[in-house]
Amino acid sequence: EPDTGTEALRSRIAVELARTRARTDALTTAVDDDDLIRQHSTLMSPLVWDLAHVGNQEELWLVRDVGGRTPVRQDIDDLYDAFKQPRKDRPALPLLPPAEARAYVATVRDKVHDLLDGIRFTDRALVADGFVFGMIVQHEQQHDETMLATHQLRSGPPVLEAPPPPEPRIRVAAEVLVPAGPFTMGTSTDPWALDNERPAHPVELPAYVIDAAPVTNGAYREFLADGGYDDPRWWSAAGWRHRTEAGLTAPMHWRRDGDGWACQRFGRWSPVRDDEPVVHVCWHEAQAYARWAGKRLPTEAEWEKAARWDPATGRSRRWPWGDDEPTAEHANLGQRHLWPAPVGAYPAGASPLGVHQLIGDVWEWTASPFHGHPGFAVFPYREYSEVFFGGDYRVLRGGSFGTDRSACRGTFRNWDHPIRRQIFSGFRCARDARPEEVHG
Ligand code: AVJ
Ligand code: FE
């Protein structure tokens, strides 16, 4: 008798693998071979490195570890080990040329389908609920977003196309009060949640106020017009040093356009639109804006409570709108569009407290450094999260227009150096609640 639960999981995994590979293929066939092997920025890998690295991770975990099958290309492991090869050195490596890289990932994928066809989703933690397949899908999607960021840094005629995001459907309030009290942060039950999202644990927070939407270009332009980049009062010591050394004057990809601003998106310039979330700012810029505005960045816990806590039940949801997977109505995810949507475009995606666009549009910088949740346990390898704990990183939440739904959820945690802004990063502000706000 066929086990329908197992068959459903098997076919769901096959669908996710195929959907993800279609995105990888699109990102790596949109440009010619020269562009694939070129380094578009020293911050990024040549696209052909990401491609073969995705295949190599899939080979390590699925073909060799779980599958116990003969290696496809053991000789290239070091080339595609992100820890052994710093990004800036990757173009000089004897990488697989594009045609060989494509053949390699296809061979690995054939073996994975063979494995998937016969696998039993046993109690072995790596395989239970298809976790290791989910991990590999998410890894590929994460590199797809990285490749999308590489495309944004590439010069030359535009090659990526997508319809513009939806227009605003409602007016969004400025701020939302989140009442004091406990909520459950993280998860112990989401089957494909990664180790740094685990375990679920109670967190008690005092009342606070959080922006109901990400900070917009229009608001950010006021900070610019007020001389925010030239006033050390708003910046941390490290932020001011970085702003000075890097010569920061505006978000990345902005330039003056008459008395306004224009921004570059995947090779096209357009006027900066005031109602869209600001993107391509580093943590220091976000922190300076927040201080100028009389606010601060939310902690990670504050972001997550605003996103997941349901005051009616006391439960933490998987997504702001509930536990169901996002549709095009909920959030701007998955490279369906090539830039953030204006504030008010996703009323169906709001959280129970009325906080909008937490998921998708822009990754949101938080005040928090990257650490393990209380009770953290490495799973299945230290190099995904643990080696970054306590380093010079800040946590980002919520995903961007370039994040796939499989690599994003209310508990998902991203992190980067506070000076980075080639990623699709924006932010929202928070502040402590004033006594009269709490007591009405
Ligand atoms: C979680 C986005 C910080 O891209 O550096 C990819 C994801 N880890 N390959 C990264 C990742 C290993 C990671 N981030
Ligand atoms: Fe990787």
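Modeller: In this predicted model, a convenient place to begin is Gln335, which lies in the loop between H9 and S8.

Biologist: Is Gln335 buried or exposed, and how do you know?

Modeller: Gln335 has 21 other C-beta atoms within 10 Å, and since a residue counts as buried when 20 or more lie that close, Gln335 is buried.

Biologist: What makes the phi of Gln335 worth a remark?

Modeller: Its sign does, for Gln335 has a positive phi of about 60° although it is not a glycine. Phe266, which is likewise not a glycine, has a positive phi of about 50°, and Phe266 sits in the loop between strand S6 (260-265) and strand S7 (268-271).

Biologist: Why is Phe266 called partly exposed?

Modeller: Phe266 has 18 C-beta neighbours inside 10 Å, and because 20 or more would make a residue buried and 12 or fewer would make it exposed, Phe266 falls in between and counts as partly exposed.

Biologist: Which peptide bond involving Pro199 is cis, and how do you know?

Modeller: The bond that joins Arg198 and Pro199 is cis, with omega at about -10°, and Pro199 lies in the loop between strand S2 (181-185) and strand S3 (201-205). The bond from Phe379 to Pro380 is also cis, with omega near -5°, and Pro380 belongs to the loop between S8 and S9.

Biologist: Which residues does UniProt list for "binding site"?

Modeller: The unreviewed UniProt entry lists His53, His139 and His143 under that heading.

Biologist: How do you know where these residues gather?

Modeller: They span 91 residues in sequence, yet no two of their C-alpha atoms are more than 10.0 Å apart, so they gather at one spot. His139 is placed in helix H5 (residues 131-153), and His143 is in helix H5 as well.

Biologist: What makes His143 count as buried, and what makes His139 count as partly exposed?

Modeller: His143 has 24 C-beta neighbours inside 10 Å and therefore counts as buried, since the cut-off for that word is 20 or more. His139 has 19 such neighbours and so counts as partly exposed. Leaving aside residues up to four places away in sequence, His143 touches Asp50, His53 and Val54, while His139 is in contact with Val54 and Gln57.

Biologist: How much of the chain is helix over residues 17-147?

Modeller: Over residues 17-147 the chain is 58% helix and 0% strand, with the end C-alpha atoms 17 Å apart. The unreviewed UniProt entry annotates this stretch as "domain: DinB-like".

Biologist: At what angle do helices H7 and H8 pack?

Modeller: Helix H7 (residues 237-246) and helix H8 (residues 283-292) pack at about 120°, and their axes are 9 Å apart. That angle makes H7 oblique to H8, because 65 to 115 degrees would count as roughly perpendicular and over 145 as roughly antiparallel. The crossing of H7 and H8 is left-handed, and Gly239, His242 and Arg243 in H7 meet His284, Gln287 and Ala288 in H8.

Biologist: What is the order of the strands in the open sheet of 3 strands?

Modeller: The order is S1-S4-S12, with antiparallel pairing.

Biologist: Why do strand S1 (175-178) and strand S12 (430-432) stand at the edges?

Modeller: Each has a single partner strand, so one side of each is left without a neighbour in the sheet. From one strand to the next the twist averages 25°. Strand S4 (residues 208-211) is joined to S12 over 3 bridges, and Val209 stands opposite Arg431 in S12. Helix H9 (residues 300-308) lies across S1, S4 and S12, running at about 75° to S4.

Biologist: What makes S9 and strand S10 (residues 413-416) a pair?

Modeller: At least two bridges are required for strands to pair, and S9 and S10 pair in the antiparallel sense over 4 bridges. Leu396 stands opposite Asn414 in S10, and Arg397 stands opposite Arg413. Strand S8 (residues 363-369) is joined to S9 by 3 bridges, also running antiparallel.

Biologist: In which directions do the residues of strand S9 (residues 394-397) point?

Modeller: Arg394 and Leu396 point one way, Val395 and Arg397 point the other way, and all are buried. In a regular strand the side chains alternate between the two faces of the sheet.

How values were computed: Residues numbered from 1 in each chain as written. Chains lettered and ligands numbered in written order. Predicted model: local features only at pLDDT ≥ 70, side-chain atom pairs only at ≥ 80, totals over all residues. UniProt positions renumbered as here; feature names shortened; annotations may be inferred. Helix = DSSP H or I, 4+ residues; strand = E, 2+ residues; numbered from the N terminus. Axes fitted to C-alpha atoms, helices over the stretch in contact; angles between N-to-C directions. Parallel < 35°, antiparallel > 145°, perpendicular 65-115°, else oblique. Left-handed = near helix turned anticlockwise from the far one by under 90°. Contact = placed C-beta atoms within 7 Å.
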